[in-house]
Amino acid sequence: MSAKVLVIGLDAAESTLLERWIAEGKLPAMAALQGQGSAYRLGNSWDTLPTAVWPELTSGRRPCNGAAFFPPRQLHTGEAAPRQLLPEEIDPSGFWTIASDAGKRVAAIDLPWTVAPANLNGIFITEWATHDRWFGTASYPGTLVDEIRERHGDYPVHLCDDDYGASLTERARLAADLLHAVEHQTRLLLDLLGQEAWDLFACAFGQFQCSGHNLWSFMETKQQVPDSLRDAIFEVFSKVDEGIAALRAAAGPDTISVVFASHGMGPLVGGPQLLPEVLVRLGAGSGSGSAAKIRSRLPIGVRGTVRKLVPAPLRHRLQKAAGSLPVPLASSATRAVALPGDINGYIRLNLKGREPCGSLEPGAETEAELSDIRRALLELQDPAGGERVVRHVVTAEEAFGPDRHPDLPDLMVAFRQDLGVLDACVSERVGLVKVPFRVVNRSGDHTGEARLWLAGNGFRPGAETGSASSLDIAPTILSLLDVPIPPELDGRSLVEAALAR
């Protein structure tokens, strides 16, 4: 059949690699797309809430509105401990539900961080072939997942971070399975695309995430490794390029294509893992006396041994005195805590009236604490070269204003990504802090590079790259479908400007 608008998301496809391989003629489908329309460099939430980039793309709303920024372990206002977000806590709406409500026939397949809507004029599948799997595979209608499994079999790669070992043999197995996974997903998408004439057919390829996280080092290493590993990331790009060509051909000659790279991938860096220890050294933990100073300077291995040997009741008292409680916000002595995150660091103040055991008064005391922590973070240096390790620190007020969602961090800390792996930092105030940064089997992590391509009838071929925002994707898609853009969306449609070029 066909689609009026075909949307293809490239989840964590590093845009600098895309552009390089397009220029070298190695990705013919992407080269054709770029030559047929308008290209944009996309701004996003990378300096504040980088892991919220997909909610920005699919909803057209700033992440401060929905506050889903780290589903594996996120803090909810009124709770002391971070926990995984539940499917019912995620807003199921997106550009596909808005189009559906306007009477359009829609298909939304494997867009990351989404949950199934209660009703839809079309079909929906989530977490079938995505890298991130926080909420469980689901579909609308509910029987669709079983029908797909019967026709196509199970997706070849389940959890790439957990199901493959670290040996070269296991890494090569993952590389081969990812290529099979792209072929599997392309067949599935072509099957669904061919079932009827869609107004909107939206999908995403997630294999870039798995290959980038797990196989990045093989692309950069000077050591002898099999070509199947050295070229593994390019082979995934190439195989998806074939999928893009097949989907665009199947959608029909009059289809408008919207293809975007959500964010990128680069070497593993770290930085956020230093924050809990830094806060203890600053006296922001539950203990600020001699116990905290002694504990914070013990090697990590020694601390682990102590935890195993000391009885639980005594261990809790020692942890509280040392500022290292497993749930710091469960103590009214805690002033600030580092929240879980993997790109930027997130810090939450223990605010009275907001946290269960708040210690800081809103107003002057809170502002003083924010200023003090920010100043201390900007003083942190790389022990090897003496350069500052924190690029900038932003408060929630500065980034999102007074009406932001209450679950957001109070401080967002962006670490530099040009100093290599950040395993340590030092300053006169906190001394030397060493916290190894290791993620099992991973050698790559995200960058903020993102791109958009618009091609089809009316778009001038080969238009120069402009600038846009991830927030503009949803309004642009709705505009292409002649669907009114709801006023609550924060982005803008690019259609009029792109057609006028």
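# Cavities, sheet and helix packing in a predicted model

Colleague: How many residues line the largest cavity?
Modeller: This is a predicted model. Val269, Gly270, Ile343, Gln417 and His446 are the lining residues nearest the centre of the largest cavity. The whole lining numbers 14 residues.

Colleague: How do the residues of that lining, the lining of the largest cavity, divide?
Modeller: The space inside the largest cavity comes to about 120 Å³. Its lining is a mixture of classes. The residues divide into six nonpolar, four polar and four charged.

Colleague: How many cavities of 30 Å³ or more does the structure hold?
Modeller: The largest takes up about 120 Å³. The second largest has about 50 Å³. Both pass the cut-off of 30 Å³, and the total at that cut-off is four.

Colleague: What does the lining of the second largest cavity have, by class?
Modeller: Among its lining residues are Ala129, Tyr155, Val157, Leu178 and Cys210. Thr130, His131, His158, Gly206 and Gln207 line the second largest cavity too, as does Arg133. By class, that gives five nonpolar, five polar and one charged.

Colleague: Now the open pockets. Which residues are closest to the centre of the second largest pocket?
Modeller: The second largest pocket has a volume of about 500 Å³. It is lined by 30 residues. Closest to its centre are Pro55, Ser59, Gly66, Ile90 and Asp91.

Colleague: Which helices each supply at least two residues of the lining of the second largest pocket?
Modeller: The lining has 13 nonpolar, 11 polar and six charged residues. Three helices meet the mark of at least two residues each. They are helix 3 (53-59), helix 4 (63-66) and helix 5 (95-101).

Colleague: On to the open sheet of four strands. In what order do the strands stand?
Modeller: The pairing in this sheet is antiparallel. Neighbouring strands are turned against each other by 25° on average, direction ignored. The order is 9-10-12-11.

Colleague: Which strands stand at the edges of the sheet?
Modeller: An edge strand has a single partner, so one of its sides is left without a neighbour in the sheet. Two strands fit that description. They are strand 9 (336-339) and strand 11 (390-395).

Colleague: Which helix packs on the sheet?
Modeller: The helix touches strand 9, strand 10, strand 11 and strand 12 (411-415). Its direction makes about 170° with that of strand 11. The helix spans residues 364-378 and is helix 15.

Colleague: Which residue of strand 10 does Ala338 stand opposite?
Modeller: Strand 9 and strand 10 (residues 345-349) run antiparallel, joined by four bridges. They form a hairpin with five residues between them. Leu339 stands opposite Tyr346. The residue opposite Ala338 is Ile347.

Colleague: How many residues does the hairpin from strand 13 to strand 14 pass through?
Modeller: Strand 13 (residues 424-427) and strand 14 (residues 431-434) run antiparallel and share four bridges. Ser427 stands opposite Gly431. The number of residues in the hairpin's link is three.

Colleague: Is helix 1 roughly parallel or roughly perpendicular to helix 10?
Modeller: Helix 1 (residues 15-23) packs against helix 10 (residues 232-251) with the axes 12 Å apart. The angle is about 75°. Angles of 65 to 115 degrees fall in one class, so helix 1 and helix 10 are roughly perpendicular.

Colleague: How do the residues of the contact of helix 1 with helix 10 divide?
Modeller: Helix 1 brings Leu17, Leu18 and Trp21. Helix 10 meets them with Ile233, Phe234 and Phe237. The contact divides into six nonpolar, no polar and no charged.

Colleague: Which residues does the cis peptide bond with omega about -5° join?
Modeller: The bond leads into a loop. That loop lies between strand 5 (138-140) and helix 6 (144-152), and Pro141 is in it. The joined residues are Tyr140 and Pro141.

Colleague: What is the phi of Ala12 near?
Modeller: Ala12 lies in the loop between strand 1 (2-10) and helix 1. Its phi is positive, in a residue other than glycine. The value is near 65°.

Conventions: Residues numbered from 1 in each chain as written. Predicted model: local features only at pLDDT ≥ 70, side-chain atom pairs only at ≥ 80, totals over all residues. Heavy atoms only, no water. 1 Å grid on protein atoms, 1.4 Å probe; cavity = no way out; pocket = protein on both sides within 12 Å on 5 of 7 lines; lining within 4 Å. Points joined across faces, edges and corners; volume = space filled by probe spheres on them. Nonpolar A, V, L, I, M, F, W, Y, C, P; charged D, E, K, R; others polar. Pairing = 2+ DSSP bridges. Axes fitted to C-alpha atoms, helices over the stretch in contact; angles between N-to-C directions. Contact = heavy atoms within 4.5 Å. Parallel < 35°, antiparallel > 145°, perpendicular 65-115°, else oblique.
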